[in-house]
Structures are given as C-alpha cells and as structure tokens.
Amino acid sequence: MIKKLFLSALLLLTSSCLFAQTPVFNVMDYGAKGDGTTDDAQAIQRAIDACAAKGGGQVYLPCGKTFLAGPIELKSNIDLHLDAGSVLKANPDEGIYKLSAFKENRGEGMMWLHCKDIENLSITGTGTIHGNGIAFMGKELSDSYELKPLMDPTFDPRPHVLTLIGVKRLVIRDVTIREGAYWTVHLIGCQDAVIDGISLLNNVKIRNGDGIDVDHSRNVRISNCHITSGDDCICLKNRREWEEYGACTDIVVTNCVMTSRSCAIKIGSENMDCIARVMIDNCVITASNRGIGIQNRDEGTVTDVVFSNITLDSHLFSDVWWGKAEPIYVTSYPRANGNHKDANWRFPKGQIEGRCGEVSRITFNNIVATSENGCFVGGDTRDKVNQIYFNNVRLHLKKLTDYPSGIYDKRPCKGEGFVKTDVYGVYVEQASGVQMHHLEVVCDKPSVPNYGGDCNMDKNDE
C-alpha cells in the first residue's frame, strides 16, 4: 500500500514537472535557415512574437547554426537562449539599421537587438552574439580602425549590439558577445538587472566599442565577466536623451577581468543627473590605457563610490584614445563648448555650453597598479572634487612604451585638454579633502626620466 502511494505521488510530481516545463520556440520552426548568409531576422522575430503571445517561454537558437540577422525587437517574458556553438550575427548591410539608439539623435549609432519598457527578459546560453564590427569599420591603423566617412554627419549607421530600454528584471548570463561596431550592452532605465559570467570580447581597435554601459539604471549587478573593448569596458552614465528614467544608482561590479584602449572602469563623461551608491570590487585590469576613471563633464553629481581590491596595469596609446595611462583618475571639468545649438546632444536643449557637478566621497582601497603615469585628481574649482580617499594604494611607475610621458589628459573639457608636467605618484590640480593612508610609490627612475617625486615613497597623510 505504501509502495503504491509512493509511486502515485512520484507519478503526480513527474507529471506536474512536465506540465510546468518552459515552452520552447525553436527559430528553425519559424523559417530560420541558420546558414550564415540568409537574413533570419523575420523568422527570429516570428518566434519571439509567438512566444510573447503565449505568455512567454524560451526562444531557442540551436547549436551549430549561424543566424545572420538585421534588427530584432525583444519582448517581455522571453528567454533568448543561444545553445553552444550557435551564433547570432549582425547583418553588415548598413542600410537596414533605421532606429536610433538615442531617440532623435541619429549621429551615434542605430539599434540591432533592442526593446523598450518590457519586463522579465533573459539572454542566456553558451552561444555567441556577434556584432560583425569590422564590417562597419574603415582602414585598419596601428592601434585602431578609421571610422568610415559619413555622407550625413548627423546619421551614423553603425549598430549597437544590445539596446535595452526600461527593462524590469533583466538577466544576461553565460553568453559570449563579440565585436560590437559601437556600444555593446547598453542598459537604459533598467531596474533589477543581472549580468553574470559573460565573455564580452570586442576588437580593441574599434573606436566607440564600449563594453557595458549602465545608463539611468538602478539595482544592477555585474559579476564574473571577461571584457575587452576599444572604448570603456564598464561605464556608468546619465545620457541627456534618456533623462526621464532618473538617476543611476545602486550598482555593484565584482570579479571581472578587463582590458581597454580607453578606460576600463569609467563613470561619465555624460552625466546630467546623479550617480551614487556604487561598489566596484575584486577586479583585474590588464593592458589598458586608463585604469579607473571618474570623468564628470556635465551638471550631474557623482557621490559615494568605492573601488576596492583591484590590480591593474596601464600604458600609453595614441591620442585617438582618451587617457594618458592614469591608473586612477578623478575629475570634474566643464565640457568643451558645442558648435550647433539645435543638434548638440551634449548640452541642455538650445545651449552650447554647460557646467560640471560635484564629485565627492570617493574611496580607493587596496589598489595595486603598474603604470607609465601617476594618478590625477582635479576640478575646475577647488571644491568641485572633494573627499577623495586613497587607502593602501601601491603604484609602480614604469616606462612601457615609446610614447612621451609627463602628460595628463583632461579631455573633453573647456580650454587646454592636457596638463604637461613631471610624473608624480598623485598629481592634484584642484581638489579639497584628498586623504592618503599608506600610499606607496615605487619608480623605475632610469626608465621614467621626468619623474618628479621621491622614489620608493610611502606616504600617510591625514
């Protein structure tokens, strides 16, 4: 009797589990070819639409197939799942990208995989999303690609990879994302987002090739990622085009490995609101231009940010890339004036100049850096950058390239964009309340002939 009851209960449980399985919508069943040459966007869109109409489920891209596709709109309650060996690749035809990634501003790229004001979206699996970036580039140079000349300077056809706007409850997990032609993962006004265990491998020569941009978003956790990018690997900002989504707050980044030709971890430069309550911990930065940077150039503020347990090395690249190998960079300067009142999206509507907001309560704790340059802290007035704390920071100054040193990069800013001086462990142009506890600077003096401080310095200032 007991055995029969147990078997009946087991059968009922198994039936319930089978009944509760997530519906799967295989894109091949909706006409996708997966041959790498046919544009499968319409077939994939049919699978997404059918999945959404049934209340949600998994849109499945099977292994061993390459799905070339133009723009695709993602929808609520969808798990876009890329099986191992599957590839979703951007169609290189520039003419098919019509939707701007920044509303009426069409001069900074279009959308490829996109959505707006949806909920419960996940992108999972061990397959690959490929932005086909080189197809949208011009001539290859020594450390970058030229940008193709635009017939219309107000329209840039390069597609961003993922433009996710106003998503509530977002998960991106395990996928590989390669070679974005412009920004790669752009979260705009998202709430409760998790990005975990992805490999985001952009070509480091592609300009504007940001990795993950967190824009006007809240409650975001980024962890266990490997990111290489020509531009910033992880960037927090508040773009003016999306101001209705409010501040960018409550962000955690942990356990990531990054390489960048610009700044591996950056806050700014676009920031017309507030960026606050940010924790970035336990990361490795290799072969980057600038390591950690706060680059405030607009009226927004940056407060209560902690960078901790980070090891990094940075070295110089050409002036194509912003930065001069500053391992730590904390600044607030007004943006350089614009030229066109009606089309300059960097400033409030109708204006061609702006102001910069306060940067305060920023902590750097347990940082180990090897770099060709020292740290830079500065603002347009002495009180603009304040309460900056260095605790257990060790800097090894070492010449690694043939580019000239002794230059700090303030671009984009009003007036002179570079500060030319000797190399110091920390150079403070204008700031208040800068405290250093156990700052150690070691210098390979023969290789840094313009070093201006004392070698093997251990500083502890209140």
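This text goes through one strand and its partners, then the aromatic contacts, in a predicted model.

Strand β6 covers residues 78-82, and 5 of its 5 residues are buried. In a regular strand the side chains alternate between the two faces of the sheet. In β6, I78, L80 and L82 lie on one side and D79 and H81 on the other, and both faces are covered. The buried residues of this strand thus include D79 and H81 as well as I78, L80 and L82.

Two pairings involve β6. Strand β3, residues 57-61, runs parallel to β6, with 5 bridges between them; here L61 stands opposite L82. Strand β10, residues 119-125, also pairs with β6 in the parallel sense, over 5 bridges. In that pairing L80 is the residue opposite I123.

The second topic is the aromatic rings. Searching the whole structure gives 11 aromatic pairs. One of them is formed by F376 and Y427, which are stacked at 5.9 Å centre to centre with 5 degrees between the planes. Because F376 belongs to strand β30 (residues 375-379) and Y427 to strand β34 (residues 426-428), this pair ties together parts that are 51 residues apart in sequence. F376 has 0% relative accessibility, and therefore counts as buried, the cut-off being under 20%.

F376 and Y427 also belong to a cluster linked by ring pairs, together with Y329, Y408 and Y424. Within this cluster, Y329 has a further contact: the charged end of R290 sits over its ring, 3.5 Å from the centre. Another charge over a ring is that of K410, which lies over the face of Y333 at 4.5 Å from the ring centre.

Note on methods
Residues numbered from 1 in each chain as written. Predicted model: local features only at pLDDT ≥ 70, side-chain atom pairs only at ≥ 80, totals over all residues. Heavy atoms only, no water. Buried < 20%, exposed > 50% of the residue type's maximum accessible area, 1.4 Å probe, protein only. Helix = DSSP H or I, 4+ residues; strand = E, 2+ residues; numbered from the N terminus. Pairing = 2+ DSSP bridges. Phe/Tyr/Trp six-rings, centres within 6.5 Å; stacked < 30°, edge-to-face > 60°. Lys NZ or Arg CZ within 6 Å of the ring centre and 35° of its normal.
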